[in-house]
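Here's a quick walk through a two-chain model, starting from one residue and working outwards. Have the coordinates open while you read.

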Amino acid sequence: MRSFSEIYSDYFSSTAVYSYREDERIFRTRFMRVWFLILLIAVAITLVASMFGIGANEYHYFIGNLILVNLIAAIGLQLLIGFTGLLSLGHAAFMGVGAYTSALLITEFGCPFILSILVAGLMAALFGIIVGIPSLRIKGFYLMVATLAFQFVIEYTIIHWDNLTRGIRGIELPTPDLFGISLQKNQAYFLFLFVLAIFFMWGAKNITRSKIGRAFIAIRDNDVSAEIIGISIFRYKLLSFAISAFYAGVGGALFAGLLRTAIPEEYVFINSIIFLAMVLVGGLGRLVGTVFGVIFVTLVPVLLDLLVSFIARVYDPNFTMYLGPMKEVVFGGLIILFIIFEPEGLVGVWIRIRDYFKIWPLPYISE
Amino acid sequence: MIDLVQTLGSGILVGLVYALLGLCIVIIFKASEAFNFAIGEFLILGSFLFYVLFFNETLPWHRALPLGALIFLFFSYVLFFDISARFLIALPSGLVTGFLIFCVLFFGLNLPSLVPSPLLRFIIAFPLGLLAAGIVGSMVERITIKPLLGRSPISMTIVTLGLGFFLRGCIQLIWGSHAYPFFLDLPDITIEMGDFLFLSDPIWAGILSLLTFGLVIVFLFRTRWGLAIRATSEDQAKAMAFGINARFILLIVWAISALCIAVAGIMISNFGALQVGMGFVGLRAIPVVLIGGMDSIGGALVGGVIVGMCEALAGAYLEPMGLIGFKDVAPYILLLIVLFIRPYGLFGTVRIERV
């Protein structure tokens, strides 16, 4: 006679696996599969509902698009920091490289949008390999500084190479389209980005559960022993930089497509820090964490905006000038608080909540 | 030729200020293996604290009161938990300190009317401003760095990144982001010899920075406290075994660092005006310490002078060739080259890790 808790745990939260193949599945438990299905259905319902004018409007979709673009770029940083253990302060610069490559391809050569995204990613990956070369000799903090220097050099190049990038005026882009279908409405762009985000998430997951990902993790945990067991550290570090920069480049190209322009302000140092904040707040070494981190960090300024405009309406119209500083205070504070009190990030909180609800009606499962 | 000497001379004078910034980074790195990315914000903060005292800048009550309350909470906390004073001593002394700070911020110190002579006023306000900066530095260390003791140095470094943004936002909320005119009115010591002209302000900056640099070195190498700091940076565990309070040492190091950064900040503000956007100058310390070596105090001096000269040369010879603003990136390009050739800097400890 099986007890209720056994049946329950078998059906809903079984973490028991009987082969390596099962252990490496993307959705290991039924719990995760159900949640993923719920997400897909929710997105589908939202999209269908807004076609009839119910629910989300264009502004909401714009914020959704921001989240998805940031997600694609942040996954790259997660692979670099969380899985390979290489710190980068130049992620926004890689995004800038991608955005400008895509913008130039579209405006100068009339290249289709989807192809320009791919080329932007490859271009950024090339830059990533160049930045990654010093990682053979330097690591940790020194590498951080090297990527910081790269960030400043790229910023300078974008602003001052007038003939190519048109300086601070930026490059105007036409409305992106996909095989003749216009992505002019944020809603259409959202669907496109959602599919891409799922695709890139899947790609990242596959990287982490394959030989490459295991090599990354070995390098992160102890590079000397990784070298001893026969992992070519230099090659995998370069690969990590290239993949990370590829994601950033794709994110940058999509971001330029979202804004219909490539402007230098979007790829400055503070944005690199914001990406770092996304990965740290989400939790290092967990792809799910990146999703939480990106949603959280992208929504914070939006909510602050709401709060400040509310106070400005009720109390003092001049209050809006505090918005910029308040954002900085909140971002800085978030990084500090998460590192001090929750080093595992939101994913740590999530795991605690999940473990509680997995066995929810019961205090624990009898083994 | 005259042009070159003139450029190099000006570069060296600015470079001495950068050397001071580098020193602040180096002593923190030696003590805790963490890099202080918030240096630019400490620089502005120190300058603002000095500005408040020197120019009698006051704040409206809704900004002064929270700051006073913050100081009160912090002082009571440190006295009660860290120094374990009695509750009846800790609370009132915190209250008094907070009230004093509130009074200074709200009513002002009225130094300009009390002391008419600018030089005397500078001599009074300078140490007071530095003291305030040192206290803020120790405050920041207690709140953000101390909880991280025992964790990896990289997490401390990332915390300082967040700290930079936090402090910058706070400064903007308190003092706004517009420029404040900054004129110290120090005695004119402009050197004019034949074709050379060195202005008074950079010379003062060089002299005061060098003086501070020297004082810090004397403190580190000729006093008991300095010995304790050096022992702690050599090996924290062993120093603690010998009875040195390593946590307190970290507090002192951060206070000294914030103090020196304030000196550099006041000198840099004196070149023009004081505003929040000036913080990027602080990041110039990164090439300085990486060129000199992260854990070498003498290296900071050499690195600072090299970066100052490099910047001046780029400004004088490369910018007219159409590379506008190249002055600001030239040190970083130099840094990249140094990282490729000698990652541990010119004088840093060579750590051989061949993986």
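## Starting small: A125(B)

A125(B) counts as buried, because 24 C-beta neighbours sit inside 10 Å of it and the cut-off is 20 or more. Keep in mind that this is a predicted model. The residue is part of helix 6 of chain B, which covers residues 118–145.

So what does A125(B) touch once its neighbours within four places in sequence are set aside? The list is F50(B), L53(B), F54(B) and L111(B). For a sense of scale, take G226(B), 101 residues away along the chain: its C-alpha atom is 26 Å from that of A125(B).

## Chain B overall

Chain B has 14 helices and four strands. Its C-alpha atoms fit a box of roughly 70 × 60 × 35 Å along the principal axes. The radius of gyration is 21 Å, which agrees with the value near 20 Å for a compact globule of 355 residues.

Of those 355 residues, 49% count as buried. Contacts also reach a long way along the sequence: taking pairs at least 6 apart, 77% join residues at least 24 apart.

## Helix 9 against helix 11

Now for a helix pair in chain B. Helix 9 (residues 224–234) packs on helix 11 with an angle of about 110° and 10 Å between the axes. At that angle, helix 9 of chain B and helix 11 of chain B are roughly perpendicular to each other, because the range for that label is 65 to 115 degrees.

Which residues do the meeting? Helix 9 of chain B brings W225(B), A228(B), I229(B) and T232(B), while helix 11 of chain B brings A246(B), I249(B), I252(B) and V253(B). By type, this contact of helix 9 with helix 11 comes to seven nonpolar residues, one polar and no charged.

## The nonpolar core

The largest nonpolar core holds 215 residues, and those with the most contacts inside it come from both chains: I72(A), A277(A), I335(A), L20(B), L21(B) and L23(B). Helix 11 of chain B (residues 246–271) is the top contributor to this core, with 18 residues.

L20(B) is worth a click. Beyond four places in sequence, its contacts are S209(B), T212(B), F213(B), C260(B), V263(B) and A264(B).

## Where the chains meet

How many residues does each chain put into the contact? Chain B gives 33 residues and chain A gives 33 residues. On the chain B side, helix 7 (153–175), helix 12 (285–292) and helix 14 (326–341) each supply at least two residues. Helix 7 of chain B gives the most, with 16 residues. The chain B side breaks down as 24 nonpolar, eight polar and one charged.

## Over to chain A

Chain A has 16 helices and four strands. Its radius of gyration is 22 Å, close to the 21 Å from the globule rule for 367 residues, so chain A is as compact as a globular protein of that length. The C-alpha trace spans about 75 × 60 × 45 Å along the principal axes. Buried residues make up 41% of chain A, and 74% of its contacts with a separation of 6 or more are between residues 24 or more positions apart.

For a helix pair here, look at helix 4 (residues 58–83) and helix 12 (residues 233–259) of chain A: their axes come within 7 Å and cross at roughly 170°. Helix 4 of chain A and helix 12 of chain A are therefore roughly antiparallel to each other. Their contact divides into 17 nonpolar residues, five polar and no charged.

Technical notes. Residues are numbered from 1 along each chain as its sequence is written. Chains are lettered from A and ligands numbered from 1 in the order in which they are written. This is a predicted model: local features need pLDDT of at least 70, side-chain atom pairs count only at pLDDT 80 or more; totals for chains, interfaces and linings use all residues. A residue is buried if 20 or more other C-beta atoms lie within 10 Å of its own, exposed if 12 or fewer, and partly exposed in between; C-beta atoms are placed from the backbone. Two residues are in contact if their C-beta atoms, placed from the backbone, lie within 7 Å. A nonpolar core is a set of buried Ala, Val, Leu, Ile, Met, Phe, Trp, Tyr and Cys residues joined through C-beta atoms within 7 Å. The radius of gyration is taken over C-alpha atoms; the globule rule is 2.2 Å times the number of residues to the power 0.38. Axes are lines fitted to C-alpha atoms, for helices over the stretch in contact, and angles run from 0 to 180 degrees between N-to-C directions. Angles under 35 degrees count as roughly parallel, over 145 as roughly antiparallel, 65 to 115 as roughly perpendicular and the rest as oblique. Ala, Val, Leu, Ile, Met, Phe, Trp, Tyr, Cys and Pro count as nonpolar, Asp, Glu, Lys and Arg as charged, and the others, Gly among them, as polar.
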